[in-house]
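Student: I'd like to go through this one term by term. Can we keep asking how each label is earned?

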Amino acid sequence: MSQSNYSADPAVVEMLERAKKDGVMTAFDRAEAMRPCPIGRDGICCKLCAMGPCRLVARKGEEPPRGVCGATQDTVVARNYLRIVAAGCAAHADHGRAAARLLLAVANGETRDYQIKDEMKLVKLAMDFGVEISGRNIEDIARDVAKIALEEYGKQEGELLFIKRAPLRRQQLWRELGVVPRGIDREITEALHRTHMGTDQDYENLLLHAVRVALADGWGGSMLATEIQDVLFGTPYPTVSQVNLGVLKPDHVNIIVHGHEPLLSEMVVLASREQRLVELARSKGAKGINIAGICCTANEVLMRHGIPLAGNFLQQEVALLTGVVDAMVVDVQCVMQSLPEIAECYHGRIITTSPKAKISGATHIEFNEHNALESARKLIEIAIEEFAKRGGNGYVPNYAVDFVAGFSHETITYLLGGLFRASYRPLNDNIINGRIRGVAGVVGCNNPRVTQDSAIVTLVKELIKNDVLVLETGCAAMACAKAGLMNPDEALRYAGDGLGEVCEAVGIPPVLHMGSCVDNSRILIAATAMVKEGGLGDDISDLPAAGAAPEWMSEKAIAIGMYFVASGVFTVFGVHYPTLGNETVSNWLFSDMEKLFKAKWAFEPDPEEMAKLMIKHIDERRKALGIDKARERILFDMAMRRQLEAV
Ligand code: MSK
């Protein structure tokens, strides 16, 4: 395969040519060399005990064989699937736990490096948790909120508190089906127990627990991570930035922050502005210190500080190929083990920071909330030393695209309704009048089994052309930012007339960057706000809305998809799907789930077909709501713009 088939991003293609000449392998080459095991890929391999592994491949015209323990293929596929969801939930849950522990440390005065940045959000959270606020100082409120948040993990009975944020009809449905999560850790542990050899042998019972675990992610761990990070680091508001490898500056000390948890990267951003460190960098011949990001740590510091993005998941190795990255600081999740070897070939140091995520060949500087700023300073000093060794070497491809990010739920309500009448009313009205056909959440990773960014960008262009407003997070958001779809001027060229009119009037691009993977919880809140605003049914499943992850690869993506579906959102995944080797489990997810949850999964690797499925679903929902009549397209004049702003 040629390098141009590896990626739709010209910066990546250019750098991969360089890697090829240098004989350096990346994930793109490894994916080509590694044929996926079809048995594992389809979910029909069981390796949960030492009697196997058992490959449950059916011979033509025959029933699939059973495992040595007697497990059927249905059970094995459902067990494997539940383990995927549990691992995804665990990753997001631990992220939320780290944020809650930090909030507690701040409240207790155990760290001076962090402050509470959004007191208003803390107070709202306190009210949701039933914490007394009147007459109390902010630290006392924060302490109670942090303790309650941490209790959400170890709770044995009852319901997760954020469940009450969902539309009432959805809550009722979850209760009737017995899938309301009790405690986050409890559901993850139970998933591992149920899937242990000889425990849960009923595929539907296993899948219903997968729903419960997924809800403990979306309405639990991920939502806690987002809310508490907003309290500590500030709720995002629109910010202009740049994306792609061109944000790296050859004459600066370049530090890339990569992973998912922004606790340390917040400090790196802060320390990089300290006069002493800037002077130190200058004394070594650098013009300054440049921070850029990869993956969701990048999205976190982008949303709150406008820090530029060097790229998405498949660009982590590619960024090192430039030879100008002096340090890549990684925390947890989505970090490739090949990074130290590539840095060895080109330049720079890989610095691991979490006791949970070490890589041999990397420098480890352990970070915790008590030494945060000190650790950040130390690793910036290492980057400065590396810069001094770099000389004039390195090459940065000239690709950097301007875009707007920072669309939290709060920002969207403010932009739509204004400071004093913040609401989703104008969005709902424009959906009802047909200018906006519906809303889509497009999220998830890159995967070298797909030309990088191509499926995401093709899908999103199709959606906005058909007047569907797109909400994005994660690496999918970065793909669209690189393609210019988050630049209000450029992106409107791709939008349909109705969507374009509304975006122009409100001053937003047709594709909104809502943050990192845990910030998919912002999409749940936005969907709930649309329901509560009225006129579009009384449940998320009534909304003309759909979700997709066209290039997913991680277990977290499946957990996210599962909580989207369980929350009432029709969701389509591309690439492959981990149950395809078994009809029973696939049918349950792709069809039966709709009878139970009023939403279902779909699998479709072709992005144009994926768009058709999503638009068809949106149109069906419009019809059910009685808002499917075609509307005359009306061009906005100034009076109408003012009227829209005044709604
Ligand atoms: S970083 S989980 S590759 S979106 Fe959140 Fe990107 Fe997927 Fe990691």
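What follows is a talk about domains, an interface, a ligand shell and two backbone details.

Tutor: Ground rules: this is a predicted model, where local features need pLDDT of at least 70, side-chain atom pairs count only at pLDDT 80 or more, and totals for chains, interfaces and linings use all residues. Numbering runs from 1 along each chain as its sequence is written, and side-chain values use heavy atoms, leaving out hydrogens and water.

Student: What makes domain 1 and domain 2 separate domains?

Tutor: Bounds come from an automatic or database domain assignment. That assignment gives domain 1 (3-55), domain 2 (73-233), domain 3 (245-389) and domain 4 (407-629). The C-alpha centres of domain 1 and domain 2 lie 33 Å apart.

Student: How do you know that domain 1 and domain 2 are in contact?

Tutor: Contact means heavy atoms within 4.5 Å, and eight residues of domain 1 meet that with eight residues of domain 2. Buried area is the accessible area (1.4 Å probe) that two parts lose on being put together, summed over both; here about 620 Å² is buried, with carbon and sulfur atoms giving 69%. Gly 43, Ile 44 and Leu 48 supply 66% of what domain 1 buries against domain 2, more than any other three residues.

Student: How many salt bridges cross the interface of domain 1 and domain 2?

Tutor: The rule wants a side-chain nitrogen of Lys or Arg within 4 Å of a carboxyl oxygen of Asp or Glu, and it finds zero across this interface.

Student: Why is the ligand said to lie between two domains?

Tutor: Domain 3 and domain 4 both give residues to its shell, so the ligand lies between them. A residue counts as near if one of its heavy atoms lies within 4 Å. Of the 13 residues around the ligand, His 260, Cys 334, Cys 445, Cys 475 and Cys 517 come nearest.

Student: What makes the bond from Gly 52 to Pro 53 cis?

Tutor: Its omega is near 0°.

Student: And what is notable about the phi of Asp 453?

Tutor: Asp 453 has a positive phi, about 75°, although it is not a glycine.
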